[in-house]
Amino acid sequence: MEISSSIIHVILTGGVGSRLWPLSRKSQPKQYLEIFEGKSLFEMTVERNSHLANKVMVVGNVDNHHLSSKVMDKTKTEFLNIVEATPRNTAAAIAFAAFASHPDDVLIVTPSDHIIDKMEEYNKAIHEAILKANEGYIVTFGIIPTKPETGYGYIESNGDKVISFREKPNETTAKNFIARGNFLWNSGMFCFKAGVLLDELKQFQPDVYEKAKIVWESGKNGVLDLDLSLEIPSISIDYAVMERSKKIKVVPASFSWSDLGSFESVYDYLVSKGHPVDKNGNMVIGSEKYTAFLGLKNTIFVCTDTANLLLQKENSQDVKDLYGELEKANSHLLN
């Protein structure tokens, strides 16, 4: 790799989107579904950041990297492909991207399955984060919340200082966070110099650092070894570094953001784009057939070739439990 530093967009593609079953399956996770005006969330992520970075890395796994490659071909994007042999959570995934970079490279790390609007605000937040990263900080993006959401983690902040990271709250706690006015949604997006992140990882989670380094150095063309990968502790970057480092800054951002992690958020997005709902707020996803809802309000009917799902919008978070039951039964309907 050349010595001059670059701005690199790192796309994390893990996750099966269990809360969007039956649309999202192991063979076609939510980030690859072309249901957003003919594009997938992954494709939109690539396009959104294409003018902000001069290199792209995709950290995927053996099950989905062929799907990522299709998107990169479609968008005619050159990229470095890092193929994990087994999911080891975000600390390892981000470490691999950092090991693949020059220490002075600035990495913009984003999941592949988020939807973002208000691009002027987004670009402004990214540029602010790059400036802070160049000063040696590890930057996280906190979204100014629009409602007491229980599906997201939160960042307690004072300006660009992080006071604490909070897990997904219950409804009462979420309302309290919003009322206090200094809590942001944790977007799961980061910006930092590769060398700074690795130094902090080495300090706070040396086992992840050392074992990920061995895996990276033994990999062939970005394809990583399974047996060695299983040695890496499965830990999130939040736990490994963000909650412990003294080098963390937050950029409070007012761009429109959703991780589309539930049918409720998909519903809200589709409504904003003119997707039809009846007079009681009922919606059909995945079928053109005439469907009538009698005596029902805010109901979502999700239709696929092999499975249908009928749910109240406010019960969207419960889909994960249903997915878990099907997983226990080793159901073919997850594939």
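Helices here are DSSP runs of H or I with at least four residues, and strands are runs of E with at least two, numbered from the N terminus. Welcome to the tour. You are looking at a predicted model, in which local features need pLDDT of at least 70 and side-chain atom pairs count only at pLDDT 80 or more, while totals for chains, interfaces and linings use all residues. Residues are numbered from 1 along each chain as its sequence is written, and side-chain values use heavy atoms, with hydrogens and water left out.

**Stop 1: a pocket**

Select His275, Val284, Ile285, Gly286 and Ser287. Of the 26 residues lining the second largest pocket, these lie closest to its centre. A pocket is an open set of points on a 1 Å grid over the protein atoms alone, where a 1.4 Å probe fits and protein lies on both sides within 12 Å along at least five of seven lines; lining residues have an atom within 4 Å of a point. The space in this pocket is about 650 Å³, a volume being what is filled by probe spheres set on the points, which are joined across faces, edges and corners.

Now add helix H10 (263–272) and strand S12 (283–285), each of which supplies at least two lining residues. Colour the lining by class and you will find 13 nonpolar, seven polar and six charged residues. Here Ala, Val, Leu, Ile, Met, Phe, Trp, Tyr, Cys and Pro count as nonpolar, Asp, Glu, Lys and Arg as charged, and the others, Gly among them, as polar.

**Stop 2: the sheet beside S12**

Keep S12 selected and bring in its sheet, an open one of three strands in the order S12-S13-S14, with mixed pairing. Two strands pair if DSSP finds at least two bridges between them. S12 and strand S14 (308–312) are the edge strands, each pairing on one side only. S12 runs parallel to strand S13 (residues 299–303) over three bridges; to see one residue pair, pick Met283 and its bridge partner in S13, Ile300.

Show H10 again: this helix lies across S12, S13 and S14, at about 100° to S12. Angles run from 0 to 180 degrees between N-to-C directions, with axes fitted to C-alpha atoms, for helices over the stretch in contact.

**Stop 3: two helices crossing**

Next, select helix H6 (residues 194–204) and helix H7 (residues 206–218), whose axes come within 5 Å and cross at roughly 120°. Where do they meet? Leu198, Leu201, Lys202, Gln203 and Phe204 in H6 contact (heavy atoms within 4.5 Å) Pro206, Val208, Tyr209 and Glu210 in H7.

**Stop 4: three loop residues**

- Asp160 sits in the loop between strand S7 (154–158) and strand S8 (161–166). Beyond residues up to four places away in sequence, Asp160 touches Lys132, Lys249 and Val250.
- Pro22 follows a cis peptide bond from Trp21, with omega near 10°.
- Lys76 is not a glycine, yet has a positive phi of about 50°.
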